Amino acid sequence: MPRYEFRCRACGDTFEMNRPMAEASAPASCPRGHDDTVKLLSTVAFTGRGAAGTTPAPAAPGGGCCGGSCGC
């Protein structure tokens, strides 16, 4: 289930909520009971590395914009 980050405009607290994607735009109340909140844009970074101690899979040949068929 996705985790969404919110900030309360009344008290300034930042908090997170787990909720289904179907409820992503639903209003959220601050843990202190305030209703004036805004959903924050969060960024996620993936390193592309597997679990520690594992060897990454070799890259597939070809690649490029069309999977290698254009020779780029």
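Here is a short conversation about a predicted model, covering its sheet and its cysteines.

Student: What makes S1 and S2 a pair of strands?

Tutor: Two strands pair if at least two bridges lie between them. Strand S1, residues 3–8, is joined to S2 by five bridges, so the pair meets that cut-off. The two strands run antiparallel. Along this pairing, Phe-6 stands opposite Phe-15 in S2.

Student: Why are S2 and S3 called edge strands?

Tutor: The open sheet has three strands in the order S2-S1-S3, with antiparallel pairing. Strand S2 (14–18) and strand S3 (37–39) each pair on one side only. From one strand to the next, the twist averages 35°.

Student: How do you know that Cys-8 is in no disulfide?

Tutor: A disulfide needs two cysteine sulfur atoms within 2.5 Å. For Cys-8, the nearest cysteine sulfur is that of Cys-11, 3.6 Å away, so Cys-8 does not meet the cut-off. Searching the whole structure gives zero disulfides.

Student: And what about Cys-30?

Tutor: Its nearest cysteine sulfur is also that of Cys-11, here 3.8 Å away. The cut-off is 2.5 Å, so Cys-30 is in no disulfide either.

Student: Why is Cys-8 called buried?

Tutor: Buried means under 20% relative accessible area. Cys-8 has 1%, so the word applies to Cys-8.

Student: Is Cys-30 buried or exposed, and how do you know?

Tutor: Cys-30 has a relative accessible area of 5%. Because that value is under 20%, Cys-30 counts as buried.

Terms used
Residues are numbered from 1 along each chain as its sequence is written. This is a predicted model: local features need pLDDT of at least 70, side-chain atom pairs count only at pLDDT 80 or more; totals for chains, interfaces and linings use all residues. Side-chain values use heavy atoms; hydrogens and water are left out. Helices (H or I, at least four residues) and strands (E, at least two) are DSSP runs, numbered from the N terminus. Axes are lines fitted to C-alpha atoms, for helices over the stretch in contact, and angles run from 0 to 180 degrees between N-to-C directions. Buried means under 20% relative accessible area, exposed over 50%, partly exposed in between (1.4 Å probe, protein chains only).
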